[in-house]
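Subject: Handover of the two-chain model

Dear colleague,

I am passing on to you the structure below, and I would be grateful if you could look it over alongside my notes.

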Amino acid sequence: MARGSQPFSASTSSGNKRTNPISSSKAKRRQDPSNAYTYIPALPKRHRTSAAQLSVSKDELELAGPSRRGNEDSDDEDEDMQSRIKKVAMMIADDENTGEIESDESDIDSDEAWQSDGSDEERWGDVFRELDKGKAKKGKSKAKEVVRKPAKPLTVNLDESDEEFVSKSKGKGKKAVKAPSSVEEDEEDEETSDGDGELDEDDEEEEMSEGSEDNEEEEEEDEDEDSEAELPSDLSEDEEDPENLDGLDAFVDSLVSEDKKRKADGQEKVEQAKKRRVLPVVSGPGLKDNGDLALKNNQKLDLSSLISSHPSLSGASALLPSKSDNKKSTSILKQGLVSAPLPTVVQDRLDREAAYEKTREEGQKWAGVMKRVKEAEHLSFPLQPEQRGGVKGTNEILSGFKPSNKLESAVTALLNKANLTDDSLTKREDLALEAQEMTLEEIKERRDALRYQRELMFRAETKAKRVAKIKSKTFRKLARKRAAKENPGMDLEDLERLDPEAAAEEREKLERDRARERATLRHGAKTGRWARDIGGDNAELEDRRRAKEEMLNMKEKLQRKIMGKDEGSDSSSDEDEESGEDEEMIKSRAFDQLAALDAKNAADQEAKGKAGKGLMQMAFMKKAEEREMKKVAETEAELRRDIEMFGEERGTEDEDDEEEEDERPRMLRVGGNEGRMFFSGPQRTSTIQDDETPQPAQTKRPSVSSKPREPTPPIEESLPDHNPWLTSTSSAGPSRKRNTLVGSANAKAEDKTTRSLKKAVKGKEAELDDEKVEISLEANTTSTPTSNKEGKNKKATQPTNGDVSDSEDENEELLPISGKGIKAFQQRDLVAQAFAGDNVVEEFAREKEKQVEMDAPKVEDTSLPGWGTWGGKGAKKKKHVNPKFLVKTAGIEPTQRKDFSRSNVIITEKKDKKASQFLLQDLPYPYTSKEQYERSFDNPVGSEWNSRSAFQKGTLPRVVKKPGAIIEPVRRMF
Amino acid sequence: MISRSLDDHMPSSSTSPHPLQRNLAPHLHPFQKPREYARALTAVKMDRMFAKPFVDALGGHQDGVYCLGKDSRRVGVVAGGGGDGEVIVHSLTLRRPLLKIPHAHKGMVGGICWTSESHDGQRGMITAGKLDGTIKIWRSEAFAPGIRDKELFQGSEFASGSGSAGHQQHLDQAGAIGENGLDMDVDFDEEEEGGGLNLDFAKRDKLGESLEPKMVYTNKNGLNGIDHHRTDSVFATASNTVQIWDENRSAALSNLQFGSSLETVNKVKFNQSETSVLASVGNDRTMCLYDIRTGKAERRIVMQFVSNDISWCPTLPTTMLLASEDHNLYTFDIRNLNSPSQIYKGHVGGVMGCDWSPTGEEFVSGSYDRTVRLWNRESGKSRDVYHTKRMQRVFDVTYTPTADFVLSASDDGNVRIWKSNASKKLGVVSSKERQAIEHRQKLVERYSAEKGVRSIKDRRHVPQSIHNATKLKRDMIESRKVKEDRRREHSRKGREKPKAERKKAVIVEQK
């Protein structure tokens, strides 16, 4: 049946119905797809003739099933119909509940169909249960009945399909026992729900016709059983006239109420009980009067017409839905071909799933409560308070506030009088806004702008605060520069025009700056960028280097001065040191400059040979240069002369050192006493000799090696990239130096200094040291030469260096201490004496070494010589020892130690067995990290460490309950 | 002359704390951790020293006791159902039977429960016969000797539950266990004047024999379990289906079954908070969920082994506990039934009964291995194990409604009372002592991860047989695991994946 699969909707059908003229031609009816009765090829004549019969039985609903399959796409229609079905179902169920009307098989089936509706589950649970029971009993008998009947060929066909079905769905055998029609519909429904599409069109067709035939048969039965219970119905008319369906629909609606009424009355006729449920039994108020008439006229039966027909109900017609609504309301009969019920197994499963879903939802509602219970730190039973209702919020209280006593009412009255209530305040605000004649948008805009401004200001302020806190000088400098760059001050000229005084001041300041710059030579002709740019010769580079060195020299000298200030008071050489120093400095600088100029001249002369380019090569420059040179030469000569005359200054470069030498006191130990020393006055010695043998100060005891210090070697000859003065002053404090100076005998003190020096001088020097150690002349008092040791032990060997008389290091390190007061020496000496023999550092190193050795993994050879080998003459010693005789002891490699790179500490790598018994292997459950676990012990629980309340709070158990009280399960509070 | 002012030692006002007589400066109390550890060690030792969980055995049964029915509204009353059909209502305070019903049923008693309300001052007890398939409602004043004014009790939902002392006294003179602390220096004579307790033994026996059930229902099949709705007059029984009955109707209200399954149902229990939901465990290794509102079975899970008992958590309404034949207990969340939320291992025999503590934090289980175990909800190992030489197979256990005691019914015909906390002191405890106890507990809890403390805390002496069985079981499990590992090793990669223990328990979840 191709027509059945055609999609159609309610609206089209109703439209058709309206426009169609009343006709009784069968062919036309068939074309109309909306007509449910299209699918009933041949209804028995009786139906048509029995005009008053309306049997809105569920058979018919079922009958409508197949066609409904076609219009799956019209959902709204379906829904509408569902609701309609429900209505009828309620009616029927009511009947069944009373148990007065027997339900037969077909009823059950339809019930099943309705049962599929999940929403009604709860209400109709009981009903369904009973229905199910009835179903189980009666299904069988009915099936038999059906079989008993003379089956038409189509029925036979159906049986076949039945069998098919059975084979298809195993485990549904119970179902299969049922009446053929129901089974068929089951099958159908299965198809529609599952979308299997197993049945083909032919099958469907068969079912359709079969269904109709079934219906036919049952109708026949009906006829037999209750011929007198005939009602005015337009069912038969509908065959001819589909338009009357609307009326019928309305009629069915009315019947629902009718049925209920009847039920309430409790008047049940036995005949009605006997017969299968034909819904409308008792006529409605207006039905008996008008029904026949209306039907005779082939008019549509309308609820409104029914109501209006009765005088008492005439007013009620206004309550009825309008015609347009009626148009929408669709009839079960018209298009509501009810889908066949599912097989009970499937149906049950669906029911269960829906029910479980519901239970799960209910359970989900408890989630919050359960979470709180689980996570609660303390549970105090009873968990739920006796009375419901919690604490009110402030708003709640305020909103419900009513003055209860005199005072309150007085206050309220006052507030009201002053217009200070909430309402009046808001009103006033509104008025104020209105008065400004601003639109709401404008106000908003303005407010936003203001807010933005404020925000910006706030940010700027916070930033300024933050910046003001920064103490870094570099940052300040950079900031200043940046500021200068960003907003450079006015030009001097502009300033002059505007404010001459300020300009003069500014100029003066600039001048002063310039003078200072020149004086400090920071931007001298040799070192400035300009100077660098104009000439790039080798000679010049050399110059520059020298100039730098000179500057460094100067610095050193100054520093030395600073250090030896107190000493200077003793030395008779310079009483007016303060003034003299400056002069000296200036002079030396002058000489430096001269020398540099000389050198430069020489270089220039050389360079002149080449064809140079640039500024200096220009004629006027040359001339000017010559002129200048001359002048300079003159001045130089003058200067030299002066100096010669005064006899205080000598050559340019070497004199510095000489001078130093002079200033340094010469000291000798007296009588082997370290505390007493003889300081020779300023000595004149020949100067720059590297390999100069020192003048050995004569000592009484040879064991105490006290030698006069070597004169300082010129700096050029010391390490080129390292200035020991600088390091010695910066890295090691003066105290150490003094110590060293005091006694070369005091190895300990020397140790320190050498070590500090050692730190500064690295690399090849270290190797040098080692070599020197080898040639050490005297094995001194405490320090035993451990020079055989490897490089690892270099540190240990260090101390010995102190004794080496002619090592450069020593010289370097000893020199800076030259300018010290005697008092200091005495102090140091005393201290040194007090701690004589305390070789702490060395001892520590030894101890550490021992520890490292002890902790290191060991392999001990326990094999006994001679055992397991050939003995006697000529027997070779085994190369490899049997590993089983090698006893290995686990330990920690020296390189793996924690203190490997730290010479000053010993970190024990031993495992503390006693402590280890308190350590855990695994982290206990709720904790996720070690720190977390350890933190849990931070706060002790005991009363010694806590106040009373804290102690009580801390020890409160998780579950607290009143003794002897029943704890009831949680109640549902939502 | 020594003179002390009392003001220095008294609080300045009634609400302010007592003045502290010691210096809290931390440098005066060094070594806090070592000291606390030492204290914890002492505390745990004390805990074990005072652990005397057994309170008493309630005798009187001629046969083994196979089911217990606790009255969740009264603290001191419990009914035991014997193997010979005898039902005895015990008073826990008096430690003697209140009433003996010698032939309540023919054959074993399947289950006992109490009605939610009382009629005419008579508390109702419902018993179900395992063999004769009858359900009987008994009402007697002897069940609730304290109730005199019925309006106090009738129809009120847990009028007593919150522990308001006044109500309690009215309700329950027979069973204020916790309040009297089970001290036997309670004056019996005074108590017996209270209600129906002034019966001598002969009289009591006579009363029991002559007691007729108020209502008898008959069922075709034997009943294995029974449970009452929390508030309504509805109860559920377990035979081959789950049936819902009304106290006022003679026929079953409805028959709940999953599909067409007709396997024996072992136990059925109502949820106490989501009161219309109930669950059953069946012989076909299933656990099934029902709702009496829809009248439908909702979901069913099939497990590896049969579950013998079921219990709903009173504070976590979606949590249920299953006592399984495979020696384990399982908790399930009904929102997610495809795997248990926790497995509790420790028994070496099938678990026959289980019950949640009213606090919902702990539960008790009784096993066929003759032990009773106590568990914390959060941990998979048992907190404690109780056993005595004379206790035989345990068939049912229950917590008292005060959560202070645990009752066990065993094969040897006794109902035993145990303390739910083995070392808890019964009777009045001064606040000072209570604080000390709490302090000790806290210390033990804090240091319980440490080996020294843990080893003392966890050590339990169990009978030789159980010890051996535990060892054997461990070996078996281990060897099985090894075998599985080997098999996996020699199979194609990825073919056999190890399955989580929790996933193993449930075979299928049926919709």
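What follows is an account of the contact between the chains, then of one loop residue, and finally of the cysteines.

Please keep in mind throughout that this is a predicted model, and that the values below are computed from it.

On the contact between the chains, chain B contributes 75 residues and chain A contributes 63 residues, and the area buried between chain B and chain A comes to about 6100 Å², with carbon and sulfur atoms giving 57% of that area. I quote the area because the size of an interface is often given as the accessible area lost when the parts come together.

As for the polar side of this contact, six salt bridges are found across the interface of chain B and chain A, and one salt bridge joins Arg39(B) to Glu944(A), where the closest N and O atoms are 2.4 Å apart. Between chain B and chain A there are 23 residue pairs in polar contact, counted where both residues are at pLDDT 80 or more. On the side of chain B that touches chain A, at least two residues each are supplied by several elements of chain B, including helix H1 (32-49), strand S16 (286-291), strand S17 (296-303) and helix H7 (431-447). The element that gives the most to that side is H7(B), with eight residues. Sorted by class, the side of chain B that touches chain A holds 28 charged, 24 polar and 23 nonpolar residues.

Away from those totals, I also looked at Asn271(B), which sits in the loop between strand S14 (265-270) and strand S15 (277-282) of chain B. The relative accessible area of Asn271(B) is 1%, and because the cut-off for buried is under 20%, this residue counts as buried. The side chain of Asn271(B) reaches two backbone nitrogens, that of Ser273(B) at 3.1 Å and that of Glu274(B) at 3.5 Å. If its neighbours within four places in sequence are left aside, Asn271(B) is in contact with Val277(B), Leu278(B), Trp312(B) and Pro317(B).

Lastly, how many disulfides does the rule count over all chains? The count comes to zero. Among the cysteines, Cys113(B) is buried, with a relative accessible area of 5%, and Cys288(B) is likewise buried, with a relative accessible area of 2%.

With kind regards

How values were computed: Residues numbered from 1 in each chain as written. Chains lettered and ligands numbered in written order. Predicted model: local features only at pLDDT ≥ 70, side-chain atom pairs only at ≥ 80, totals over all residues. Heavy atoms only, no water. Contact = heavy atoms within 4.5 Å. Buried area = accessible area lost by both parts, 1.4 Å probe. Salt bridge = Lys/Arg side-chain N within 4 Å of Asp/Glu carboxyl O. Polar contact = N/O pair within 3.5 Å; in protein donor to acceptor, adjacent residues only side chain to side chain. Helix = DSSP H or I, 4+ residues; strand = E, 2+ residues; numbered from the N terminus. Nonpolar A, V, L, I, M, F, W, Y, C, P; charged D, E, K, R; others polar. Buried < 20%, exposed > 50% of the residue type's maximum accessible area, 1.4 Å probe, protein only. Disulfide = S-S within 2.5 Å.
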